Amino acid sequence: MADSRFIEQAYSRLRNALASRDDSTLPHSESLAAAIASIPQFGNVGYLAAHGPDATLDYLLTTILPALNGQALSSRYFGFVTGGTLPIAEAADNIVSALDQNVQMHLPNETASTVVEDAALKMLVSLLDLGVPEDWPGRTFTTGATASNIMGLACGREAVIAMRLQPENARNTVAEVGILAACQSAGVRQLQILTSMGHSSLTKAASVVGLGHSSIKELPVSKEEPWRLDIDAVEDELAKDGVASIIAVSAGEVNTGRFATNAVEMRKLRNLADRHKAWIHVDGAFGAFARALPKTEEFSYLHAQSAGLELADSITVDGHKMLNVPYDTGIFFCRSSSIQTQVFSNLNAAYLSSQTTQILSPLNIGIENSRRFRALPVYATLLSEGREGIVEMLSRMVRLARGIADFIKISEGYELLPSQEASLDSTHIIVLFRAKHAKLNDVLVQKINETRCMYVSGTTWNGQKAARLAVSSWRVDVMRDLAVVKDILTGLKA
Ligand SMILES: *Cc1c(COP(=O)(O)O)cnc(C)c1O
């Protein structure tokens, strides 16, 4: 009983502390300094002394909490693509912590967790219009899009080499004999990843799975549209002898929000990949959610750009961004549960079942063995909001981004990137811009963030500094937030 009283008080005090906080994006510098100064130092007297739960809770609420940023609390934290946390998702996440389920084995007579997890994944297939659940027999929750990209490259690497093994060498897969021996056995002298403005985590993933940073080849259509993948260049690369390729499609480029392909190009890529034994991995961390938007004129351009992604072999989606569930939640979909199992199986015993409706034990299809029940906040969010509620939330984000892009386009002091002329229809949730005045542009991001009423990320575009604004919180109110953003940007210009 004492434990539940403590937890109850902790939550109620947390809510009070949050309610009395101004809805700022960044903490005050004094709060930051105080928190950092409070951290115990190795070697000091009292280091690792026990303070007890009550004193520790006091300390967390009064010293640490004020030093954390407001990314989940503010509708105008436009940095990175962070998402927020819907109240139902936070409540579900607290259940996850309270029960501390270890979702690694499918044990339906002992816990419903894997059944819930699989149900959430199936709902996501439907929400993102990716076909039917049977199209994605390989599916799992990950810690985020980076982990999903690692899985995509690992599955791709496994498949493109396996496809080149002669029947008598069929067992010399990467999973069995390692990448060096498998490549030798398959006559592969080079592995490459073909992309256009792949996310930085793709480069990390390339290193983790043993392909290396330099295996990534950028194949942009043009200097003006570097996010678009040059399909003809892909074809030339795929035709090279002794080279095996993974095509990594940026479905939502992180600076511009733009898409590497459209429906026609994805169809071409699919045919090319089939002909040349390549693997198509789509990084749709936030971009995949464009597919869930209403099928109306307003969003028809985004639908056209995000069409065809369902033709991929594997797809990365983030939960902790657009879906507004807490960290750490990523999703991985794969066409082939056998390839996925081959790579990630925790047992030496071969996985024998061909029943795609059966729920696979997460420890055999993902990076971790012990893992958090991160599916529950997703399940709860989808049940609570339904397709309609999610779509309404996503539409609001796009409308705010477009409102801001429109303001920047017609403003005197700012320039919309990557193109001032681009139609607003091409804006998803990211707005890239710069100040026309070089002096203001130099300090633009800092000046915006100093207002503490709005937060953006700095980036560079064509070698020049730029500000990048990403709308991803369920808290967005289009009229209210647009007015604040306009005020701030107008004030800076003056
Ligand atoms: C955020 C993001 C990632 C990395 O995702 P994490 O969830 O931070 O691991 C990968 N790709 C794209 C396109 C992203 O936006």
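Begin by selecting strand 10 and strand 11 (residues 464-470), which run antiparallel and are joined by 5 bridges; helices (H or I, at least four residues) and strands (E, at least two) are DSSP runs here, numbered from the N terminus. Within this pair, Ser-457 stands opposite Arg-468 in strand 11. The model is a predicted one, in which local features need pLDDT of at least 70 and side-chain atom pairs count only at pLDDT 80 or more, while totals for chains, interfaces and linings use all residues. Residues are numbered from 1 along each chain as its sequence is written, and side-chain values use heavy atoms, with hydrogens and water left out.

Widen the selection to the sheet around this pair. The sheet is open and has 4 strands in the order 8-9-11-10, with antiparallel pairing, where two strands pair if DSSP finds at least two bridges between them. Strand 8 (414-417) and strand 10 (457-461) are its edge strands, each pairing on one side only. The twist from one strand to the next averages 40°. Now add helix 14 (residues 438-450), which packs on this sheet and touches strand 8, strand 9 (430-435), strand 10 and strand 11, its direction making about 130° with that of strand 9. Contact means heavy atoms within 4.5 Å, and angles run from 0 to 180 degrees between N-to-C directions, with axes taken as lines fitted to C-alpha atoms, for helices over the stretch in contact.

Before leaving this region, select Leu-417 and Pro-418, whose connecting peptide bond is cis, with omega near 0°. Pro-418 lies in the loop between strand 8 and strand 9.

Next, go to the other sheet. Here 7 strands form an open sheet with mixed pairing, in the order 1-7-6-5-4-2-3. Because strand 1 (138-142) and strand 3 (216-218) stand at the edges, each with a single partner strand, one side of each is left without a neighbour in the sheet. Direction ignored, neighbouring strands of this sheet are turned by 20° against each other on average. For a pair inside it, select strand 2 (residues 190-195) and strand 4 (residues 243-250), which run parallel and are joined by 6 bridges; Gln-190 stands opposite Val-243 in strand 4.

Two helices can then be added to the view. Helix 10 (residues 263-276) packs on the sheet, touching strand 4 and strand 5 (279-283), and its direction makes about 145° with that of strand 5. Helix 12 (residues 337-344) lies across strand 1, strand 5 and strand 7 (330-334), running at about 50° to strand 1.

Two backbone details are found in the loops here. Lys-277, in the loop between helix 10 and strand 5, has a phi near 55°, a positive value in a residue other than glycine. The peptide bond from Tyr-327 to Asp-328 is cis, with omega near 0°, and Asp-328 is found in the loop between strand 6 (314-318) and strand 7. As background, most residues other than glycine have a negative phi, and most peptide bonds are trans.

Now select the ligand and its surroundings. A shell of 14 residues surrounds the ligand, the closest being Thr-146, Asp-283, Asp-318, His-320 and Lys-321; a residue is near a molecule if one of its heavy atoms lies within 4 Å of it. Helix 6 (residues 145-162) gives the most to this shell, with 3 residues. Show the polar contacts, each a pair of N or O atoms within 3.5 Å. An N or O atom in the side chain of Thr-146 is 2.6 Å from an oxygen atom of the ligand, a polar side-chain atom of Asp-283 lies 2.7 Å from a ligand nitrogen atom, and an N or O atom in the side chain of Lys-321 is 2.8 Å from an oxygen atom of the ligand. Of the 380 Å² of accessible area that the ligand has on its own, the protein covers 84%, with areas from the Shrake-Rupley method and a 1.4 Å probe.

Finish with helix 2 (residues 29-38) and helix 3 (residues 52-64), which pack at an angle of about 145°, with their axes 9 Å apart. Ser-31, Ala-34, Ala-35 and Ser-38 in helix 2 meet Tyr-59, Thr-63 and Ile-64 in helix 3.

Definitions and conventions:
Polar contact = N/O pair within 3.5 Å; in protein donor to acceptor, adjacent residues only side chain to side chain.
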